[in-house]
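Here are my notes on the model you sent over, set out point by point. Have the structure open while you read.

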Amino acid sequence: MRAEFAQAMIALFAQRNDLVFVTADLGYAALEGVAESFGERFINTGVAEQNAVSLAAGLARAGHLPWVYSAAVFAALRPYEQIRNDVCLHELPVKIVGNGGGYAYGIMGATHHALEDVGAMRALPNMRLYLPLTSTDVAQVVAMMARDTCPNYLRLGMSAKIPGELPDFAPWRRLKRGKSCVVIGMGPVLQNLYQPPVSELLDELEIWNVGTLPLERMPDELAESIADKRRVITIEEHYRACGLAEALSYLVLKSGIVLDSFHSLSAAGYPSGRYGSQRFHEQESELAGANLHSRLQQLLRY
Amino acid sequence: MLEERVYSVKRRFLAMYKKANAGHIGSSLSCAEILVFLKFAWMKQDDSIVLSKGHAAAALYSLFAEVGLLSETQIATFYEDGTLLPALPPFNGIKEIPFATGSLGHGLAVSAGMALGARLNRQDKRFFCVTSDGELDEGSVWEAALFIAHHRLSNLVWIVDRNRIQGIGRTEDVLGLEPLDAKLRAFGYHVIIVEGHDFAALLAARDESVRIQESAAAPVVIIANTVKGNGISYMQDTVHSHYLPMTDSQYDEALAEIARAHAAAMSGARNAR
């Protein structure tokens with residue numbers, strides 16, 4: 001999604017004169033075009049995420065619309081108090097952009113994985129998160145964020161491949177209908193449901209994608225599906241704590257819908273203590289491949 | 001004149017602290033002259049001050065009351081439930097306070113952002129950031145310091161309130177900062193060292209700073225040597241003055257001491273004339 005994000009920024013820059021792009025020294029082979037277009041409005045703070053965020057808050061206070069870019073884990077966690085105090089408390093429209101949500105940095109290892117970013121960000125006041133699924137979402141998301149007066153967090157990753165026509169990016173969208181269970185997911189990990197051997201279970205699964213947090217009111221069609229099927233599974237490349245499953249469970253409980261089961265598929269961390277590709281970690285967390293298939297089979301039996 | 005102003009500002013914030021039975025008095029006394037000097041002898045209408053050492057908020061509120069930005073009625077609500085004036089500067093409630101501060105290590109970076117923002121807007125605005133010295137333990141201060149130097153933000157003046165006392169000890173015992181001036185020079189700053197309670201010295205520092213900044217030769221940092229709890233004998237240069245409120249007799253003694261100091265200053269000024 002990085003390339004599409006850079007293109008979207010360049011397009012947005014052609015329309016507005018208040019943008020400032022702040023990177024904490026990341027964006028090799030991705031942001032060169034942004035740097036060229038933005039000129040003096042492209043700032044590399046160096047490897048200094050705390051300063052990048054506070055600086056952006058000051059820029060926003062001076063009337064600019066700053067975008068702060070780094071790897072998701074560094075963008076969200078290293079400057080957490082700066083995001084809380086300088087940005088969110090003041091309701092300043094600073095756009096935090098985290099590249100590589102979940103295990104996207106793969107073999108780079110645990111320090112580069114972002115498994116708590118969404119939880120950390122959704123705990124903050126006034127913060128709205130944008131969680132694109134595919135690269136085609138990115139331009140829409142950037143346009144929405146530019147109009148959003150709230151602080152925002154954008155979680156980029158590897159674009160998902162979802163068969164068929166994808167509805168426009170939205171807080172909620174149904175990706176497909178299914179017979180017996182509602183699966184609700186955020187981010188590109190959803191694509192793993194469409195890959196063999198998991199795909200043989202697709203007839204059973206009604207799949208919804210969450211695009212923004214905090215969760216907006218459930219669409220009636222979703223509430224009806226959940227009430228009808230009474231089985232919900234969430235999927236996210238993020239620790240369960242403070243992630244989508246917890247956000248959704250509150251919404252469902254509040255709605256009064258009675259369920260037979262509610263399960264969360266989420267990042268398990270590093271259960272074997274071994275490292276590998278994004279795919280390797282997804283499989284270890286039962287978020288991909290045969291492991292996801294067995295887990296879903298097991299859950300569908302209940 | 002500045003002596004009258006600082007006397008008034010100090011009397012007001014001492015009364016605030018007494019009424020609230022609150023601490024952080026030493027922190028306000030440490031930077032009272034600096035804040036008064038900035039407001040009355042340096043800042044223009046559109047300039048902003050960021051009190052990164054937010055624990056001295058009462059001094060800032062008192063200063064704002066001195067120039068009519070806050071009413072005495074508002075001042076009377078300090079520390080009260082429902083106030084706009086908490087112990088440390090609030091977010092969004094008071095236009096002249098651009099950022100909530102007091103979580104140390106934020107003020108210099110947000111000031112840098114506003115200074116850069118004004119530069120991009122081609123605005124002739126300046127930003128005055130007052131940090132403490134204990135605050136310099138925070139890595140984020142040095143991230144901002146590097147940035148300001150690299151980008152030569154000449155519309156930003158950084159003042160370090162160097163009272164040599166931090167949370168629970170003396171700065172040089174806890175985490176030595178010296179040689180602070182050499183460190184800042186090595187970062188690329190033009191360093192001005194000044195007696196932070198002396199208006200004549202502050203005036204000279206201002207003129208030197210303006211000269212340097214107009215030439216855009218280097219960013220400026222003013223190390224203001226100060227005394228925590230300045231001017232009140234039982235508070236001066238003590239860690240306690242950061243925390244302890246005043247008893248009735250201590251309050252009377254504090255008022256008497258600043259009154260005597262003020263009278264002496266006025267007498268000195270008359271004699272000088």
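1. Start right after helix 1 of chain B, where N21(B) follows with a positive phi, near 55°. This is a predicted model, so that backbone angle is a computed value like everything else below. N21(B) is not a glycine, which is what makes the positive phi worth a look. The residue sits in the loop between helix 1 and helix 2 (25-41) of chain B. Buried or exposed, then, for N21(B)? Exposed: N21(B) has 10 other C-beta atoms within 10 Å, and 12 or fewer counts as exposed.

2. Helix 1 of chain B itself, residues 2-20, has a length that checks out. Its 19 residues at 1.5 Å each should span 27 Å, and the end C-alpha atoms are indeed 27 Å apart. A good number of its residues are buried, among them V6(B), V9(B), F13(B), L14(B) and M16(B). The buried set also takes in charged-type names such as R5(B), K10(B) and R12(B), along with Y7(B) and Y17(B).

3. What does helix 1 of chain B make of helix 3 (residues 57-66) of chain B, in terms of axis distance and angle? The axes come within 9 Å and cross at roughly 125°, so the two helices are oblique to each other. The crossing is right-handed. On the helix 1 side the contact uses R5(B), S8(B), V9(B), R12(B), F13(B), M16(B) and Y17(B), and on the helix 3 side A58(B), A59(B), S62(B), L63(B), A65(B) and E66(B). Sorted by class, this contact of helix 1 with helix 3 in chain B holds eight nonpolar, two polar and three charged residues. R5(B), V9(B), R12(B), F13(B), M16(B) and Y17(B) from that list also appear among the buried residues of helix 1.

4. Further along chain B, helix 5 (residues 107-120) and helix 6 (residues 139-150) pack with axes 8 Å apart, at an angle of about 30°. That angle makes helix 5 of chain B roughly parallel to helix 6 of chain B, and the crossing is left-handed. Helix 5 of chain B brings L108(B), A109(B) and A112(B); helix 6 of chain B answers with S140(B), V141(B), E143(B), A144(B), A145(B), F147(B) and I148(B). The class count for this contact is eight nonpolar, one polar and one charged.

5. Two exposed residues of chain B are worth clicking on. G139(B), in helix 6 of chain B, is exposed, with 12 other C-beta atoms within 10 Å. Its C-alpha is 7.5 Å from that of G105(B), 34 residues away in sequence. A200(B), in helix 9 (residues 199-215) of chain B, is exposed too, with 10 other C-beta atoms within 10 Å. The C-alpha atoms of A200(B) and F37(B) are separated by 10.0 Å, with their positions 163 residues apart along the chain.

6. Over to the interface: 24 residues of chain A are in contact with 23 of chain B. On the chain A side, helix 3 (49-61) and helix 5 (80-88) each supply at least two residues. Helix 3 of chain A gives the most, with nine. The chain A side divides into eight nonpolar, 11 polar and five charged residues.

7. Those helices of chain A, 3 and 5, also pack on each other, at an angle of about 5° and with axes 9 Å apart. So helix 3 of chain A is roughly parallel to helix 5 of chain A. Q50(A), V53(A), S54(A) and A57(A) of helix 3 meet Q82(A), I83(A), D86(A) and V87(A) of helix 5. By class that gives four nonpolar, three polar and one charged.

8. Last, some backbone spots to check in chain A. The peptide bond from P196(A) to P197(A) is cis, omega near 5°, and P197(A) lies in the loop between strand 8 (181-186) and strand 9 (205-210) of chain A. Another cis bond joins L213(A) and P214(A), with omega about 0°. E286(A), a residue other than glycine, has a positive phi near 60°. E286(A) is in the loop between helix 10 (278-284) and helix 11 (289-301) of chain A, and is buried, with 21 other C-beta atoms within 10 Å.

Note on methods: Residues are numbered from 1 along each chain as its sequence is written. Chains are lettered from A and ligands numbered from 1 in the order in which they are written. This is a predicted model: local features need pLDDT of at least 70, side-chain atom pairs count only at pLDDT 80 or more; totals for chains, interfaces and linings use all residues. Two residues are in contact if their C-beta atoms, placed from the backbone, lie within 7 Å. Helices (H or I, at least four residues) and strands (E, at least two) are DSSP runs, numbered from the N terminus. Ala, Val, Leu, Ile, Met, Phe, Trp, Tyr, Cys and Pro count as nonpolar, Asp, Glu, Lys and Arg as charged, and the others, Gly among them, as polar. Axes are lines fitted to C-alpha atoms, for helices over the stretch in contact, and angles run from 0 to 180 degrees between N-to-C directions. Angles under 35 degrees count as roughly parallel, over 145 as roughly antiparallel, 65 to 115 as roughly perpendicular and the rest as oblique. A crossing is left-handed if the near helix is turned anticlockwise from the far one by less than a right angle, and right-handed if clockwise. The expected span of a helix is 1.5 Å times one less than its number of residues. A residue is buried if 20 or more other C-beta atoms lie within 10 Å of its own, exposed if 12 or fewer, and partly exposed in between; C-beta atoms are placed from the backbone.
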